[in-house]
Amino acid sequence: MERREFVASLVAGGCAGMCVDLTLFPLDTIKTRLQSQQGFYKAGGFRGIYAGVPSAAVGSFPNAAAFFVTYDCTKSLLGAGGVLAAPHVAPVTHMLAASLGEIVACLIRVPTEVVKQRTQASPSFTTYHMLLATLREEGVRGLYRGYGSTVLRETLWSLRQGHTLYSWQAAVCGAFAGAVAAFVTTPLDVAKTRIMLAKAGSTTASGNIPLVLYDVWKSRGLTGLFAGSIPRVTFISVGGFIFLGAYEKVRRTLL
C-alpha cells in the first residue's frame, strides 16, 4: 500500500468508526443498562440516552486508527517472508494481525469505554465528573478495569469471523458475520460491563471473568448472560453498513 493510500485508509477508518459510534450510540446505552447489575430502569432506562457520548466521540477516531495501523503493519511484517507468507495461510495472517490490532486498540478503547459505560449507567453524572471520580478513587488503573475481558471479547470476535472487521468486508457478509459474532460473544460483553461498572474493591471489580459469569448465571440465568444481545446485534449489523458506506465515501474523497 502506497503512503497516500495508507493515510487515506487510516483517516477513512477513523471517520467511519466515529460515524458508527455516534449514530448508533442510543443502542449502546440501552445495551449497557440492560447488562448493568442494578437493572435497566434503575440504571436510567430511556432517560439521558446520550449520556457518555463525549467519551465515545473522543476515543472513537484514535481507537479505529490504532487498530488499522497495527493491523496493516503486522500483516505486512508477517507476510514479508517465511511460512506465513504463503497464500494458503493468509487467513491465519489476517487473524493474527487483527488480534494484535485489537490488543493495541484496546489501550485507547478501554479507558473511554469505562468512562462511557459508567456515565451511561449513572446519567446524573457528566462524562467529565465521571472521569474525575474514577481517577480520584482508583487512579489511572481504574480506567483500565475490564481490559482483559475487552481484549478477549474482541479477539474471539475477530477469530470467529475469520478476518478483520473493517472496510474490505462485503457489506452483507460482514453484517451477518458481525451479528453472529456479536451474539455469541455477548456473555463476555456482559462480564466486561459488570467489571467496569462494579464498585471499587468488590469481588466483581477484581476482573475474574469466570466468576463474574457464574454470578450472572446464578442470579439471572441464561437471560442474564445474553442481556443486551438484541441492541448489541443490531448495533453491529447496522453499524457494518454505516461503516462501509462512510469509509468508502471518505476514502474516495481523499484520493
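Q: What makes residues 48-69 a span of helix rather than strand?
A: In this span, 77% of the residues are helix and 0% are strand. Both terms refer to DSSP runs, numbered from the N terminus: a helix is a run of H or I with at least four residues, and a strand is a run of E with at least two. The C-alpha atoms at the two ends of residues 48-69 are 35 Å apart.

Q: What kind of model do these values come from, and which atoms are left out?
A: The model is predicted: local features need pLDDT of at least 70, side-chain atom pairs count only at pLDDT 80 or more, and totals for chains, interfaces and linings use all residues. Residues are numbered from 1 along each chain as its sequence is written, and side-chain values use heavy atoms, with hydrogens and water left out.

Q: Where does UniProt place the feature "transmembrane region"?
A: The unreviewed UniProt entry gives this feature at residues 6-27, 48-69, 165-184 and 229-247. UniProt positions follow the numbering used here, feature names are shortened, and annotations may be inferred rather than shown by experiment. Residues 6-27 are 95% helix and 0% strand in the model, with end C-alpha atoms 31 Å apart.

Q: How many helices and strands does the chain hold, and what pattern results?
A: The chain has 11 helices and zero strands. Along the sequence, the pattern is α-α-α-α-α-α-α-α-α-α-α.

Q: Why are α2 and α11 called roughly antiparallel?
A: The axes of helix α2 (residues 25-35) and helix α11 (residues 229-254) cross at roughly 155° and come within 8 Å. Axes are lines fitted to C-alpha atoms, for helices over the stretch in contact, and angles run from 0 to 180 degrees between N-to-C directions. Angles under 35 degrees count as roughly parallel, over 145 as roughly antiparallel, 65 to 115 as roughly perpendicular, and the rest as oblique. The two helices are therefore roughly antiparallel.

Q: Which residues make the contact of α2 with α11, and what classes do they belong to?
A: L27, D28, I30, K31 and L34 of α2 meet P231, R232, T234 and F235 of α11, where contact means heavy atoms within 4.5 Å. By class there are five nonpolar, one polar and three charged residues. Ala, Val, Leu, Ile, Met, Phe, Trp, Tyr, Cys and Pro count as nonpolar, Asp, Glu, Lys and Arg as charged, and the others, Gly among them, as polar.

Q: What makes α2 and α4 roughly perpendicular?
A: α2 and helix α4 (residues 90-121) pack at an angle of about 75°, with their axes 9 Å apart. The two helices are therefore roughly perpendicular to each other. F25, D28, T29, K31, T32 and R33 in α2 meet K116, Q117 and Q120 in α4. This contact has one nonpolar, four polar and four charged residues.

Q: Why does α3 count as roughly antiparallel to α4?
A: The axes of α3 and α4 cross at roughly 165° and come within 7 Å. That angle makes α3 roughly antiparallel to α4. The residues of their contact divide into 14 nonpolar, nine polar and four charged.

Q: Why is S36 called buried?
A: Buried means under 20% relative accessible area, exposed means over 50%, and partly exposed lies in between, using a 1.4 Å probe and protein chains only. S36 has 0% relative accessibility and therefore counts as buried. S36 lies in the loop between α2 and α3 (53-78). Apart from neighbours within four places in sequence, S36 is in contact with A43, R194, L197 and R220.

Q: Is L188, in helix α9, buried or exposed, and what is the reason?
A: L188 lies in helix α9 (residues 186-197). Its relative accessible area is 11%, so L188 is buried. Leaving aside neighbours within four places in sequence, L188 is in contact with L152, R153, L156 and I209. L188 and R153 are 35 residues apart in sequence, yet their C-alpha atoms are 5.8 Å apart.

Q: Why is S219 called exposed?
A: S219, which is found in helix α10 (residues 209-225), has a relative accessible area of 54% and is therefore exposed.

Q: What share of the chain counts as buried?
A: Of the 255 residues, 49% count as buried.
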